[in-house]
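Please find below some remarks on this entry, set out as numbered points. They go from a single residue to the chain as a whole.

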Amino acid sequence: MADYIISGSAVSTGSFAKVHAAENIGVGTENTYGRRVTIEAAADTTNDQLLYLKQTPDNYGWSFNINGSATGTLHIKNVNNGTESDVLLLKQDGMVGIGGAPTQKLDVSGGHISLDYAYNLYLDGGSDTYITS
């Protein structure tokens, strides 16, 4: 497979309408592990942005970070004027944190949980233990 480089600069007046790749794409790696798109960064504990989705010209968007060398936790963060804050954390052990780091299987911090009026919240999986309105 041939190597191709797409480059640009801060003063470039051109734009790219699309990039077509007939094979898998590796960013930061030549090994795509058989996946269509692989983004790889050096392991670190600083939780750096691995993928940043933003709209120009503002510094607002969504950041996807992995704390690779310590926990492997995926952080999905809201970026508000350049400041990141955790919205959702997914840990390798299956714990999910909304608004903060999870200490239980599902941990919601800083807000209420709302269900549509027609649904129940089952506490233990049994048919008789649930919360309803």
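**Notes on the model**

1. Thr-32 lies in the loop that links strand E1 (25-27) to strand E2 (37-39). The model is a predicted one, and in it Thr-32 has a relative accessibility of 12%, which is why this loop residue counts as buried, the cut-off being under 20%. Once residues up to four places away in sequence are set aside, the residues that Thr-32 touches are Asn-24, Ile-25, Gly-26 and Thr-38.

2. Leu-90 belongs to strand E6, which covers residues 83-90. Its relative accessible area is 31%, and Leu-90 is therefore classed as partly exposed, a class that runs between the limits of 20% and 50%. If neighbours within four places in sequence are left out, Leu-90 is in contact with Gly-72, Thr-73 and Leu-74, and also with Met-95 and Val-96. For Leu-74, which is 16 residues away along the chain, the separation between its C-alpha atom and that of Leu-90 is 5.1 Å.

3. Leu-106 sits in strand E8 (residues 106-108), and because its relative accessibility is 53%, where exposed means over 50%, this residue counts as exposed. Leu-106 is also one of the residues that make up a nonpolar surface patch of about 880 Å². The other members of that patch are Ile-98, Val-108, Ile-113, Leu-115, Tyr-119, Leu-121, Leu-123 and Ile-131.

4. As to secondary structure, the chain contains 10 strands and zero helices, so that its pattern, read along the sequence, is β-β-β-β-β-β-β-β-β-β. Among contacts between residues at least 6 apart in sequence, 7% join residues that are at least 24 apart.

5. How much of the chain is buried? Of its 133 residues, 15% are buried, and Thr-32, at 12% relative accessibility, is one that counts as such. The accessible surface of the chain amounts to about 10600 Å², and carbon and sulfur atoms account for 53% of that area.

6. On confidence, the mean pLDDT of the chain is 78, and 72% of the residues score at least 70. Where is confidence highest, and where is it lowest? Strand E7 (residues 96-98) has the highest value, at 94, while strand E10 (residues 130-131) has the lowest, at a mean of 70. For a reading of the nonpolar patch, it may be useful to keep both strands in view, since the patch includes Ile-98 as well as Ile-131.

Methods:
Residues numbered from 1 in each chain as written. Predicted model: local features only at pLDDT ≥ 70, side-chain atom pairs only at ≥ 80, totals over all residues. Heavy atoms only, no water. Patch = residues over 30% accessible without salt bridge, like charges linked within 9 Å, V, L, I, M, F, W, Y side chains within 5 Å. Areas by Shrake-Rupley, 256 points an atom, 1.4 Å probe, with all protein chains shown as cover. Salt bridge = Lys/Arg side-chain N within 4 Å of Asp/Glu carboxyl O. Helix = DSSP H or I, 4+ residues; strand = E, 2+ residues; numbered from the N terminus. Buried < 20%, exposed > 50% of the residue type's maximum accessible area, 1.4 Å probe, protein only. Contact = heavy atoms within 4.5 Å. pLDDT = per-residue confidence, 0-100.
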